[in-house]
Amino acid sequence: MFYHDKEKETEMKKFLIILLITVALVAHVKADALKPELIEQIESAISAGDFRFDDPNGRVYINSYAYWYSVDFEQKENLCHMWAKYMEHRRGEPQNWIVVYDKHTGKKLGKWGAGGLKVY
């Protein structure tokens, strides 16, 4: 695909990243470790500015309109599980919980762990 407008190209890349991650979630990302392809997709989303991880505090800051408000409860749970697994991959140690924040407002959106997902 060729775009003359850099902004349109960036938006298309974000859309494709969201689509790829959604497809991976439909396949229920519940494995012990993330597949390299999914890690690559997450890192593309980080590069696009959709995610920011605060590893020491178990927080992920997200583009909430793309990854939170546009998905149902089960998809939110799967996303949280995926983010925790990605954080585990980055830290090299187990991560069974995560707290999700809106990257623009700092609003706490949810908390996921042993008790499941709590949405705020």
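The following questions and answers concern a predicted model of a protein and its salt bridges.

Biologist: What should be known about the model and its numbering?

Modeller: This is a predicted model, in which local features need pLDDT of at least 70, side-chain atom pairs count only at pLDDT 80 or more, and totals for chains, interfaces and linings use all residues. Side-chain values use heavy atoms, with hydrogens and water left out, and residues in each chain are numbered along the sequence as written, from 1.

Biologist: In what order do the elements of the protein run from the N terminus on?

Modeller: Helices (H or I, at least four residues) and strands (E, at least two) are DSSP runs, numbered from the N terminus. The protein has four helices and five strands. From the N terminus on, their order is α-α-β-β-α-α-β-β-β.

Biologist: What percentage of the residues of the protein count as buried?

Modeller: Buried means under 20% relative accessible area, exposed over 50%, and partly exposed in between (1.4 Å probe, protein chains only). The protein has 120 residues, and the share that counts as buried is 41%.

Biologist: How many salt bridges does the count come to?

Modeller: A salt bridge is a side-chain nitrogen of Lys or Arg within 4 Å of a carboxyl oxygen of Asp or Glu. One of them joins arginine 91 and glutamate 93, with the closest N and O atoms 3.0 Å apart. By this rule the count comes to three.

Biologist: How many residues apart in sequence are the parts that arginine 90 and aspartate 55 tie together?

Modeller: The side chains of arginine 90 and aspartate 55 meet in a salt bridge, 3.1 Å from N to O. Arginine 90 lies in helix α4 (residues 73–91), and aspartate 55 in the loop between β1 (51–54) and β2 (59–62), so the parts tied together are apart in sequence by 35 residues.

Biologist: Is aspartate 55 buried or exposed?

Modeller: Its partner, arginine 90, is partly exposed at a relative accessible area of 38%. For aspartate 55 the relative accessible area is 15%, and this residue is buried.

Biologist: What separates lysine 85 and glutamate 88 in helix α4?

Modeller: The side chains of lysine 85 and glutamate 88 meet in a salt bridge, at 3.7 Å from N to O. Lysine 85 counts as buried, at 16% relative accessibility. The two residues are three apart in helix α4, so the separation is about one helical turn.

Biologist: What is the relative accessibility of glutamate 93?

Modeller: Glutamate 93 forms a salt bridge with arginine 91. Arginine 91 counts as partly exposed at 30% relative accessibility. Glutamate 93 also counts as partly exposed, and its relative accessibility is 39%.
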